[in-house]
Amino acid sequence: MASGDLERGTKNRGNNANFPSHYVETAEKQWTSWIIPMFVVANIAVFIVVMYVNDCPKKSLGTEGSCVAKFLGRFSFQPLKENPLFGPSAATLEKMGALEWNKVAHGHQGWRLITCMWLHAGVIHLLANMLSLIFIGIRLEQQFGFVRVGIIYLVSGFGGSILSSLFIQQNISVGASGALFGLLGAMLSELLTNWTIYSNKIAALLTLVFIIAINLAVGILPHVDNFAHIGGFMSGFLLGFVFLLRPQFGWAENRHSPADGLVKSKHKAYQYVFMLAAAVLLIVGFTLALVMLFKGENGNDHCSWCHYLSCVPTSKWNCRS
């Protein structure tokens, strides 16, 4: 956005409806999805509250033009020159809990690491994220239940906020894309750790990797917080190894075999290895990142090229603008 805040963008997310589903159906319980619809409702409700607080007709100075959709009254949007996504001002977002490094690291406002994932820069940003959440989240929740998917969503969003704070310290950031990328990462690790029960494995893997790569590539555009995407993806990828294990193929049938028969173990040894390694990496990674954040360190000081992961300068745009 022109006002300097970063949206956690989700362009090209419409392809998410075509995620691979080449796993072998088992007798596993199919859950009713309710936590993901609740997340969607909560995000929409928060956006309405933010627009109410924004009150463009009363607070806009008119320096960037007039409010958009004035018939909405205090819910009208900021001038498009200020916010082309049809949303509130950067000042309102910051007031309502947007992620801002200085306030987190030095202002004792760590709660912004959580509140920012419920805020959106505008209607376009909100719609893109919520459609993606519906396409990705509902299917995962039906397969694995609300507890595991809810944990992955929230922890991934938190992880995305931490990495964003470490590397983007001059702008504010909002959006649920870190949490959404966490669900994408969890889908990938679920495919890998449950490899034996999938048919068309390579096709499923290539399709999912392609979708992830396209979405991450969008993050190199200016004003898109790709560090939140990467942090959320890494968190979700590791969490998937911990929470999304499936019984190995044939276990459900063999467990009812005669007592003297050979019964397969519920999970394979490599699944437990992945789970343990992922749990250790999660604990160590979150601990180190939080220590660095609250010590006020800048991640760019430890990685001189990492800023290119969020924005690649070209003749069309300047990443510092």
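**Figure 1. Accessible surface and overall make-up of the predicted model.** The accessible surface of the protein comes to about 15,100 Å², and carbon and sulfur atoms hold 68% of that area. The model shown is predicted. Of its 321 residues, 47% count as buried. The protein has 12 helices and 2 strands, which run β-α-α-α-α-α-α-α-β-α-α-α-α-α from the N terminus on. Among contacts with a separation of 6 or more, 78% join residues 24 or more positions apart.

**Figure 2. The largest nonpolar core.** In soluble globular proteins, nonpolar side chains tend to be buried together. The largest nonpolar core here holds 55 residues. Phe-39, Leu-133, Leu-140, Tyr-153, Phe-167 and Leu-183 touch the most other members of this core. Two or more residues each come from α1 (35–54), α4, α6 (123–144), α7, α8 (177–193), α9 (201–218), α10 and α12. The largest share, 8 residues, belongs to α8. Apart from this core lies another, of 9 residues, including Leu-85, Ala-90, Leu-93 and Leu-119.

**Figure 3. Close-up of Leu-133 and the residues it contacts.** Leu-133 is one of the residues that touch the most other members of the largest nonpolar core. With neighbours within four places in sequence left aside, Leu-133 is in contact with Ile-36, Phe-39 and Val-40. Its other contacts on that basis are Ile-138, Tyr-153, Leu-180 and Leu-183.

**Figure 4. Close-up of Ala-98 in the loop between α3 and α4.** The loop that holds Ala-98 lies between α3 (90–96) and α4 (101–105). Ala-98 counts as buried because its relative accessibility is 0%, and the cut-off for buried is under 20%. Residues up to four places away in sequence not being counted, Ala-98 touches Leu-93, Arg-112, Cys-116, Leu-119, Ile-172, Ser-173 and Val-174. One of these, Leu-119, is 21 residues from Ala-98 in sequence, and the two C-alpha atoms are 7.0 Å apart. Both Leu-93 and Leu-119 are also among the members of the 9-residue core.

**Figure 5. Lining of the second largest pocket.** Rolling a probe the size of a water molecule over the atoms shows where empty space is left. The second largest pocket contains about 420 Å³ of space. It is lined by 17 residues, of which Leu-163, Met-234, Gly-285, Phe-286 and Ala-289 are the closest to its centre. At least two lining residues each are supplied by α7 (146–167), α10 (226–243) and α12 (269–294). The most, 7 residues, come from α12. By type, the lining divides into 12 nonpolar and 5 polar residues, with no charged ones.

How values were computed
Residues are numbered from 1 along each chain as its sequence is written. This is a predicted model: local features need pLDDT of at least 70, side-chain atom pairs count only at pLDDT 80 or more; totals for chains, interfaces and linings use all residues. Side-chain values use heavy atoms; hydrogens and water are left out. On a 1 Å grid over the protein atoms alone, a cavity is a set of points where a 1.4 Å probe fits but cannot get out, and a pocket is an open set with protein on both sides within 12 Å along at least five of seven lines; lining residues have an atom within 4 Å of a point. Grid points are joined across faces, edges and corners, and a volume is the space filled by probe spheres set on the points. Helices (H or I, at least four residues) and strands (E, at least two) are DSSP runs, numbered from the N terminus. Ala, Val, Leu, Ile, Met, Phe, Trp, Tyr, Cys and Pro count as nonpolar, Asp, Glu, Lys and Arg as charged, and the others, Gly among them, as polar. Buried means under 20% relative accessible area, exposed over 50%, partly exposed in between (1.4 Å probe, protein chains only). Contact means heavy atoms within 4.5 Å. A nonpolar core is a set of buried Ala, Val, Leu, Ile, Met, Phe, Trp, Tyr and Cys residues joined through side-chain atoms within 4.5 Å. Accessible areas come from the Shrake-Rupley method with a 1.4 Å probe; for residues, only the protein chains shown count as cover.
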